[in-house]
There are 2 protein chains.
Amino acid sequence: MQSHHIVSAYDDELKFLTRKIAAMGGHAERMVDQAIVALVNADPELAQQVVRDDATLDEAEREIDDRAIVIIAKRQPVAGDLREIIGAIRISADLERVGDLGKNVAKRVVAVAEGRQPVSLYRGLQALAELALTQLKEVLDVYASRSVERIEFVRDRDNQIDAMYTSLFRELLTYMMEDPRNITPCTHLLFCAKNIERIGDHATNIAETIYYVVTGDQMPPERPKQDKTHRVTLAVDTQ
Amino acid sequence: MQSHHIVSAYDDELKFLTRKIAAMGGHAERMVDQAIVALVNADPELAQQVVRDDATLDEAEREIDDRAIVIIAKRQPVAGDLREIIGAIRISADLERVGDLGKNVAKRVVAVAEGRQPVSLYRGLQALAELALTQLKEVLDVYASRSVERIEFVRDRDNQIDAMYTSLFRELLTYMMEDPRNITPCTHLLFCAKNIERIGDHATNIAETIYYVVTGDQMPPERPKQDKTHRVTLAVDTQ
C-alpha cells in the first residue's frame, strides 16, 4: 500500500507506527515472561522491575495516539491508510493492557511467595503463559507480515488457552480445599491465571483488528467463548 | 464546536456517535445492574437475559467504529472534531468491555447459587456495584455535557471503589478459610468483585478520554493505583 504514496515523509510516519507497535509487542511479551519467572522463583526484585517497566508501555501508547491524530489531521488518509492508523491506536491499547496484566501478575509475587505451593501449579501457570505468549508473538508476526490468511490459528489457540485455564482453575480450587493455608496464595495464583488467560483474549482482539486493517471487514462477531470457569464447581472433599 | 460546521449533515453524523455512546452507556449500566440482581436473588433466567443482552453492545461498538471511519474518510476532520470521533471509538470500546464484565458476573450466578453465602457478602457486592455504576453514570453525564471541569471526582471515587473492593476481598478470603464448602462460591464472588472493580477502571478510562476530547491534552499519566489486593494475605485461623 505504501508504494502508492507520493509523499515519502508520509510513508515514514506510517512506518513509525508499525515499528512502535512491534516494539510495544516485544516489551509486553518480555514483561509477561519475566513476571512469570519472578512468580516461579519468588523473586521480588525481578517483580519490581516488571512493575517499573510498565511505564514504558503507557508512554508508547500515548505516543502512538498522539502521532496517529497528527497523521490523520495532516494527511487526511482514506481507506487502507486510515484503517492502518485506527488499527495502530487499537492494537497499542491492547498491548498496553497486556503490560498491565503482566504487571498485575508481578505485583502478586510477594503474596504468593508467602505460601509454599506445589510445583505442578507453577508448571501449569508456566505452560499457560507460554501458550498465551506464543499466541501474542504469532499475532504480532501476522501484523508485521500482513499475512492475514493465517489468522484462523488464533481461534484454535484461544480455545487451547481456555481449556488449560479451566483445568488450572479446578486444580487451584482443589488445593484450596485441601488446606486453608493454601487459600490466600492460591487465590492470587487464580488471578494470575485469569490475567494470563486475558492476554490470550487481547491477542485475539489484535488479530481481529489486523483482519479489519487488511480486509476492511470485521471478523464474524461470535467467537467461541473463552473462559469456561464460571461453570466450575467442585464437590467438597470432606476429609 | 458543532456551530462551526457549515454542513449540517456532518453535525448529524457527529451527533449520531454521541447518541449511540449514550445508548451504549445506558445499556451497559442496565446489564451490570441486572447481573447483580440475578446474583443476589440467585435468578438464572435473569442471568441468561443479561448474557443475551451483550450482543447489542458488541453490535453497537462495531457500528460506531464503522461510522467513525466513514466520517473521518468523508469529512477529513481536524482538531476538536477529529478528537471527538477518535474519542467515540475509544469510549465505545470501554463500554463494550463494561458489558462483558456484566456478562461475566451473570455467568457466575449458577456457580454461586450452589453454595449458601452470608447476606453480608451480597450486601458488600451490591454496594461495590452501586459505587461503580454511579461512577459510570456520572462520567457519562460529563460526556453528555462536556463539563470536563468536574472530572476530578472520578479519581476520588475510583479510590473509594478500590478500598471497598480490598475490604470485600479480605472478607471473602475469611469465609473461604472458615469452611471449605465456601471456597468454590466465594472464588466466583471474588471474580465478580474484581469485575465490578474493573468497571470503575473503565469509567476512569472514559473520563480520561473525555478530558482528551475536550482539552486536546492527556490527563497526567500516573493515577493513584487501583486494586491493592495483590498485597492481601491473611493469617490462617486454624480452628
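Here is a walk through a predicted model with two chains, A and B, starting with how the copies sit together and moving on to charged side chains and cysteines.

Let's begin with the overall arrangement. Two copies of a chain are related by a rotation about an axis and a shift along it. Here, a turn of 180° and a shift of 0.0 Å along the axis lay chain A on chain B, with an RMSD of 0.0 Å. That is the relation of a two-fold axis. If you want to find the axis in chain A, look for Gln76(A): its C-alpha is the one nearest the axis, 2.7 Å away. The two copies also use the same surface to meet, since 100% of the contact residues of chain A recur in chain B.

Now for the charges. Side chains of opposite charge can pair when their charged atoms come close. Searching the whole structure turns up 25 salt bridges over all chains. One of them joins Arg157(A) to Glu138(A), with 3.3 Å between the closest N and O atoms. This pair ties together distant parts of the chain: Arg157(A) belongs to helix α6 (residues 153-178) of chain A, while Glu138(A) belongs to helix α5 (residues 119-145), and the two are 19 residues apart. Arg157(A) is buried, at a relative accessible area of 14%, whereas Glu138(A) is partly exposed, at 23%.

Helix α6 of chain A also takes part in another link of this kind. Arg155(A), in that helix, and Glu208(A), in helix α7 (residues 183-215) of chain A, are 53 residues apart and connect distant parts of the chain. Their side chains meet in a salt bridge, at 3.4 Å from N to O. Arg155(A) counts as buried, with 11% relative accessibility.

Some partners sit within a single helix instead. Over in chain B, Asp100(B) and Arg97(B) form a salt bridge whose closest N and O atoms are 2.8 Å apart. Both residues lie in helix α3 (residues 79-107) of chain B, three residues apart, or about one turn of the helix. Asp100(B) counts as buried at 16% relative accessibility, and Arg97(B) as partly exposed at 25%. Salt bridges can also join up into a network, as they do for Glu13(A), Lys74(A) and Arg75(A).

So what about a charged residue without a partner? Take Glu96(A), which you'll find in helix α3 (residues 79-107) of chain A. Glu96(A) is buried yet has no salt bridge, and the nearest side chain of opposite charge, that of Arg97(A), is 5.2 Å away. A salt bridge needs the nitrogen and the carboxyl oxygen to be within 4 Å, so Glu96(A) and Arg97(A) don't make one at 5.2 Å. Leaving aside residues up to four places away in sequence, Glu96(A) touches Met24(A), Leu57(A), Asp58(A) and Glu61(A).

Finally, the cysteines. How many disulfides are there over all chains? The count comes to zero. Cys186(B) and Cys192(B) show why: the closest cysteine sulfur to that of Cys186(B) is in Cys192(B), 11 Å away and too far for a bond. Looking from the other side, the sulfur of Cys192(B) has its closest cysteine sulfur in Cys186(B), again at 11 Å. A disulfide would call for sulfur atoms within 2.5 Å. Cys186(B) counts as buried, at 0% relative accessibility, and Cys192(B) is buried too, at 0%.

Note on methods:
Residues numbered from 1 in each chain as written. Chains lettered and ligands numbered in written order. Predicted model: local features only at pLDDT ≥ 70, side-chain atom pairs only at ≥ 80, totals over all residues. Heavy atoms only, no water. Helix = DSSP H or I, 4+ residues; strand = E, 2+ residues; numbered from the N terminus. Buried < 20%, exposed > 50% of the residue type's maximum accessible area, 1.4 Å probe, protein only. Lys, Arg positive; Asp, Glu negative; His and termini not counted. Contact = heavy atoms within 4.5 Å. Least-squares fit on C-alpha atoms with pLDDT ≥ 70 in both.
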